Amino acid sequence: MTPVVVVLCTCPDEATAKRIAGALVARRRAACVNLVGPVRSVFVWEGEVCDESEMLLIAKTTEEGYPALEEIVHELHPYDVPEVIAVPVAAGSRPYLDWVAGSVGGSVTETE
């Protein structure tokens, strides 16, 4: 079975989230991306505590597909240091995981 990962990425707004999600799916680097939010993020940046409204992307991809996914996020994301965290999927519905594996990679669509 191809190892599947869930990737978390926060975005500053819905337009950015839609642009990145669309590119990931169109380029076949994610089988599916959920846009959740807005969410509230509290974090330290450049020595200050920040409290921001963001959108959360939840992308499903494979371990093998992760590096290309991360590259696209860095290409399209406005943050200097975007959150891109991959979490391994320990278990899941076999048909769903097979669908994810079959949807990632292969021919790439250049539309965004």
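This is a short tour of the structure, moving from the whole chain to one residue, then a pocket and a pair of rings.

**The whole chain**

Begin with everything shown as a cartoon, and keep in mind throughout that this is a predicted model. You should be able to trace three helices and four strands, which come in the order β-α-β-β-α-β-α when the chain is read along its sequence. The radius of gyration is 14 Å, close to the 13 Å that the globule rule gives for 112 residues, so the chain is as compact as a globular protein of that length. If you turn the C-alpha trace along its principal axes, it spans about 45 × 30 × 20 Å. Of the 112 residues in the chain, 38% are buried. Among contacts with a separation of 6 or more, 73% are between residues 24 or more positions apart.

**A residue inside: Val 73**

Next, select Val 73, which you will find in helix α2, the run of residues 66-76. Is this residue buried or exposed? Val 73 has a relative accessible area of 1%, and because buried means under 20%, Val 73 counts as buried. Now show the residues around it, leaving aside its neighbours within four places in sequence: Val 73 is in contact with Cys 9, Ile 20, Leu 24, Pro 82 and Val 84. Cys 9 deserves a second look, since Val 73 and Cys 9 are 64 residues apart in sequence, yet their C-alpha atoms are 8.5 Å apart in space.

**The largest pocket**

Move on to the largest pocket, whose volume is about 250 Å³. To find it, select its lining residues, among them Thr 10, Ser 41, Trp 45, Glu 54, Tyr 79 and Pro 82. The elements that give two or more residues to this lining are β2 (32-45) and β3 (48-62), and β2 gives the most, with four residues. If you colour the lining by class, you will see seven nonpolar, two polar and three charged residues.

**A pair of rings in helix α3**

For the last stop, select Tyr 96 and Trp 99, which form the one aromatic pair counted here. Their ring centres are 5.5 Å apart and their planes meet at 40°, so the pair is tilted. Both residues belong to helix α3 (residues 94-103), and because they are three residues apart there, about one helical turn separates them. Switch on the surface to finish: Tyr 96 is partly exposed, with a relative accessible area of 34%, and Trp 99 is also partly exposed, at 41%.

Note on methods. Residues numbered from 1 in each chain as written. Predicted model: local features only at pLDDT ≥ 70, side-chain atom pairs only at ≥ 80, totals over all residues. Heavy atoms only, no water. Buried < 20%, exposed > 50% of the residue type's maximum accessible area, 1.4 Å probe, protein only. Contact = heavy atoms within 4.5 Å. 1 Å grid on protein atoms, 1.4 Å probe; cavity = no way out; pocket = protein on both sides within 12 Å on 5 of 7 lines; lining within 4 Å. Points joined across faces, edges and corners; volume = space filled by probe spheres on them. Nonpolar A, V, L, I, M, F, W, Y, C, P; charged D, E, K, R; others polar. Phe/Tyr/Trp six-rings, centres within 6.5 Å; stacked < 30°, edge-to-face > 60°. Rg over C-alpha atoms; globule rule 2.2 N^0.38 Å.
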